[in-house]
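This report covers the pockets of one protein and one packing contact between its helices.

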Amino acid sequence: MHYVHTQLPCDLGLTCQDRFDICESFEDEVPFWKLFERVIKTPITTVDGLIDILETIAISLRGTAGTDYHFLRESFSQYWNHQVTKFFVDVWPVLRGLALELPTLFLSGRLDCLTQLHKRVVLSRRQVACLLVHQFLCTLSTPQWMTDGSPDFHIWYSSATPHPKAVKAYLFSLFQYFKLLAEPSDASPLRHSIDDWPIALELRTVEMDSQNLELNQTTSRLIDLEIFDVTQTSSQKHDEKLMGLPMGASVISANKDVGFGRTASQEEMVVGCSPELCAVVIFQPTLQDEEVLIVEGAQAMIAMTGYAREAQFGRYLESGYDCSNWRQSYWRNRTVLFMDALELDNYDSNALIPDVLPGNVDRELRKAYTAFSSLATGTQENLKSVVTGLWGCRSFGGNKEIKTLIQWAAASMAGVKLLFVCPGSDKADFKHDLEVLVNKSLECRSSVEQISKFLHSLQPHDEAAKTAFRSFRLELVRHQT
């Protein structure tokens, strides 16, 4: 891994053509930051003026606007509605000021990315807000490692967006965050110092060879697993529980290249609802098999309803704090676990179960254990919890029963309790089979070693691999008798 840093727009080494003669220079190229300072100070009072600034930045940096801005214009008008004046009078000056603070907040003009030699980055909420404004303005360079995705939000601006309902929700979340920045009270993220409320990104690895992995499995009993039915009526408390609040963490079924997007995968929805998570794309290179990304302190702005094509804006979330009690806010301790699963969607799941191909079970078990062990308390009496669901399934092509057993084993090894989200009424049989299995396993005082041996005994074409819950339960019954 040779990636060390990402260049910021205030880096004096970043130059561009002055296509609109903004700097009135005779040089072929000018420092981009000099041009940017002049462009961003242009007085604007309408969305057309805002888009003119975005186009000027894009054409100056890249030679093309890259988007028609139609969807940004539409979503902006719908969100602000009769408050357009408020945006340009109260909010835009704050965003503009934040954008111009970049050289002060990041003195080197560069961001050090996460690597094995640089595993943790701690930022103030002001620093994160500054980066988000630049993602909105599309001034950031594409990191060297990024071959898929975008470092900025221009992918949300076009009329050609493939999933308009979801993208509209992401833009509403961003606008809600911008409105919060302009709040005069301690509810504004800009009021919190890095000591008061840090945003922490950690690249976590756990070195565990096969012998230690087996030893841990032998000594670990399966911990109770709580099943959470998402078909129940949604509420603020319901949404918070799905995010692992107030005492746990939540799993993101991440891609190797983490971050936001313009469809409605679980990862894109979680990140899109929490603007402060969007900055991860400029810090985290492609995740390797032994790595997970852990982010702490990111506040969510909205909750969404539905999934995939049905995903859309649901509600705005309450901050849960004000000028008198923000130190008690659960958002400060929110923990998100970015875990990428194996991409198995190229296999025919009707013909075989690729999850149990050689090496796959151990890879996924180590990945989940690496994430879950970051929350371990070391005591069974005070377990923290991890909210998860069908990690590595759906678009990843994983088998939901195999992946569930792997996560349960990893959580038990780490000493944390799983809160497992069942994905709706169409999965009633799955939920019932899981409940029966959990009850039988706890009755038998089953160990992680038993799950591990069972999973390693499966062959890709075995019928038992297709009905893993039932097959493992029958094996427990045989051992019990």
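A pocket here is an open set of grid points with protein on both sides within 12 Å along at least five of seven lines, and its lining residues have an atom within 4 Å of a point. The model is predicted.

The largest pocket has a volume of about 1200 Å³. Q266, M269, V270, G306 and Y307 are the closest to its centre among the 44 residues that line it. Helices α9 (236-242) and α10 (266-273) each supply at least two residues of this lining, as do the strands β8 (249-254), β10 (302-305), β11 (312-316), β13 (385-388) and β14 (417-422). The largest share, five residues, comes from α10.

The second largest pocket has a volume of about 330 Å³. It is lined by 17 residues, and D148, G149, N255, D257 and F260 are the closest to its centre.

The table gives the lining of each pocket by class.

| Pocket | Nonpolar | Polar | Charged |
|---|---|---|---|
| Largest pocket | 23 residues | 15 residues | six residues |
| Second largest pocket | five residues | six residues | six residues |

The helix contact involves α4 (residues 84-100) and α7 (residues 164-181), which pack at an angle of about 90° with their axes 9 Å apart. Angles of 65 to 115 degrees count as roughly perpendicular, so α4 is roughly perpendicular to α7. On the α4 side the contact is made by V91, V94, L95 and L98, and on the α7 side by F178, K179 and L181. Six residues of this contact are nonpolar, one is charged and none is polar.

Technical notes
Residues numbered from 1 in each chain as written. Predicted model: local features only at pLDDT ≥ 70, side-chain atom pairs only at ≥ 80, totals over all residues. Heavy atoms only, no water. Axes fitted to C-alpha atoms, helices over the stretch in contact; angles between N-to-C directions. Helix = DSSP H or I, 4+ residues; strand = E, 2+ residues; numbered from the N terminus. Parallel < 35°, antiparallel > 145°, perpendicular 65-115°, else oblique. Contact = heavy atoms within 4.5 Å. Nonpolar A, V, L, I, M, F, W, Y, C, P; charged D, E, K, R; others polar. 1 Å grid on protein atoms, 1.4 Å probe; cavity = no way out; pocket = protein on both sides within 12 Å on 5 of 7 lines; lining within 4 Å. Points joined across faces, edges and corners; volume = space filled by probe spheres on them.
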